[in-house]
Each structure stands twice: as structure tokens, then as C-alpha cells.
Amino acid sequence: MKKILTREEWRRRKQRNRTISFSIVILLALAIIMMALLIAYSAVKHDSLSDNGVIRDLKDDLLGNNREGITAIGERLSNSVEIQSDYLTPNEYSRPQTPLKDINAIVVHYTANPGTSAANNRSYFEGLSEKHTTYASSHYIIGLEGEVIQCIPLNEISFASNDRNEDTISIECCIEDETGSFNEATYASLVSLTAALCIKFNLGEEDIIRHYDITGKLCPLYYVNHEDEWYQFRKEVMEEAENIKRTSP
Ligand SMILES: [Zn+2]
């Protein structure tokens, strides 16, 4: 037999039902907020992965790795080569003067133009300000004699590495022939320069990447074709960085 409720019991039951409904709504709202936070977090995390899985430090993304606005790393490399500072004339096509707020990697390139010197390649970048044929430049160019020209200060972006122009330093290396291999002098300067940059901006082996690692472009050609030697190069940079740290005052 169905129990007949008093007015007071009705009131209490109604009250209890209302409390239960309210709790369910609150729980659902909390669950939705948690889901939204999780989705937002994974989106940010995904964003911090570069094309080929080079994981950038989320913390560094937020803080920036060149907060002091460093424009250069000093004059002489550990192989005794002097860095020539010869900045491009500011222009839309090769030196837009866009601030480089983060330095999360160093990107190695090759000029794809056998026999040309660092100065030749610098002139090419400079000439784009008048020719307007393309957007291209690099922070550094290393020539066949191991000479190093800095074309862009380290607190500005260069036009070398596509999606990663925003947070990387670029190094172009000159080549003697179509194989794209670096000669001894070029290689020695590349190791010294990269090591100095790794020390300055607190970067590790994983942060030394090829243009190929960003877009799949065959650049630097020789190190796309010879992966073992690429990894060997990165190891030598780390060893050189340790040497520099040990011997510098
Ligand atoms: Zn390249």
C-alpha cells in the first residue's frame, strides 16, 4: 500500500531531491572544466613539439632563452677563428628585424652552391633587399677557409628555417662540391661555433638540428645522406662545449 506523505515529509523529500540535483550539476560542471583544462594542456604540449619530434622545453617557451637580448657571442671561437660581424642592412627580404625572443635550437644548413665563399653568400642575402626575389638569410655563414660571418644579431630572426625561424639560430655552411660535405676548416668552425652557442643558450645535443628535421628539405645534404656522421658531429659539439667550459676561466 502506498504511503501517504504528510506535508512536512513532502517538503523534506523535495528538498533532498533538489540537493541531489544540485550536487549532480556541480559535479558535471567540475568534470567539464577538468576536461577543458586537459584539452587546453595537451594542445599547448602538442604545440611545443617541432615537426620531427624535437621536444622543446615548455618552461623555456614561456620564459624565453635570450631574455638578455644577446646580439653576439664574442669574437673568437675555440679553433682561433675570429667571428666577423657584418650585419645585413635592415630590409624586409633578409633582415626584417623581428625580435627572436626564444632560442630553443641551432639549425645547420648548407648553401647548395659549391665553391662560393661566406662573403659571396652574405652578398646574396644583402642583394635581396633590392632584388626582392625571395626571403632568405642566416645568422651565420661559415666559409671554405673556416671564416665565419655573422649577418644577423642573435636577438633578431633570420629567414632560414621555415616554421622554426621564430625560435632558432641558423648556420649556413659553404661547400666545395655537389656531395655537400663540409671541408675540414668549415667543419672545425662549425663545431666551435655550435659549441659556443650551446653554452651561451644552455642547449644540448638534441637541440642541434638540421633544416631536414624541420621540413624534410635535403639540407644539409651530406648530413641527410650520412646520418651516422650527423650524430657524430653533435657528439663532437658536446665534447667541445665541455672542453671550452673546462678551459675557460
Ligand atoms: Zn637549409
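Trainee: What do the buried residues of H4 pack against?
Mentor: Strand E2 (105-110), E3, E4, E5, strand E6 (208-210) and H7. Packing here is a matter of contact, where the C-beta atoms of two residues, placed from the backbone, lie within 7 Å. Mind that this is a predicted model: local features need pLDDT of at least 70, side-chain atom pairs count only at pLDDT 80 or more, and totals for chains, interfaces and linings use all residues. Residues are numbered from 1 along each chain as its sequence is written. Helices (H or I, at least four residues) and strands (E, at least two) are DSSP runs, numbered from the N terminus.

Trainee: Why does Val-191 count as buried or exposed?
Mentor: Count the C-beta atoms, placed from the backbone, within 10 Å of its own: 20 or more others means buried, 12 or fewer exposed, and in between partly exposed. Val-191 has 22 such neighbours, so it's buried. It sits in helix H4.

Trainee: What makes H4 largely enclosed by the rest of the structure?
Mentor: Of its 17 residues, 12 are buried, so the label follows. Among them are Thr-186, Leu-190, Leu-193 and Cys-198.

Trainee: How do you know that the length of H4 agrees with its residue count?
Mentor: The expected span is 1.5 Å times one less than the number of residues. For the 17 residues of H4 that gives 24 Å, and the end C-alpha atoms are 24 Å apart, so the two agree. Try helix H3 (residues 118-131) too: its 14 residues should span 20 Å, and its ends are 20 Å apart, which again agrees.

Trainee: Why is H4 called roughly perpendicular to H7?
Mentor: The axes of H4 (residues 184-200) and H7 (residues 227-247) cross at roughly 65 degrees and come within 8 Å. That makes the pair roughly perpendicular, since 65 to 115 degrees earns that name, under 35 is roughly parallel, over 145 roughly antiparallel, and the rest oblique. Axes are lines fitted to C-alpha atoms, for helices over the stretch in contact, with angles from 0 to 180 degrees between N-to-C directions.

Trainee: Is that crossing left-handed or right-handed?
Mentor: Right-handed. The name applies if the near helix is turned clockwise from the far one by less than a right angle; anticlockwise would be left-handed.

Trainee: Which residues of H7 does Val-191 contact?
Mentor: Setting aside neighbours within four places in sequence, Val-191 touches Glu-236, Val-237 and Glu-240. Across the whole contact, the H4 side includes Ala-195 and Ile-199, and the H7 side includes Ala-241 and Ile-244. The residues involved split into eight nonpolar, two polar and three charged. Ala, Val, Leu, Ile, Met, Phe, Trp, Tyr, Cys and Pro count as nonpolar, Asp, Glu, Lys and Arg as charged, and the others, Gly among them, as polar.

Trainee: What makes the phi of His-132 worth a look?
Mentor: Most residues other than glycine have a negative phi, and most peptide bonds are trans. His-132 has a positive phi, near 60 degrees, and lies in the loop between H3 and E3. With 11 C-beta neighbours inside 10 Å, His-132 counts as exposed.

Trainee: Why is Asn-162 put in its exposure class?
Mentor: It has 14 other C-beta atoms within 10 Å, so it's partly exposed. Its phi is positive as well, near 50 degrees, and its place is the loop between E4 and E5.

Trainee: Which residues does the cis peptide bond join?
Mentor: Cys-219 and Pro-220, with omega about -10 degrees. Pro-220 is in the loop between helix H5 (211-215) and helix H6 (221-225).
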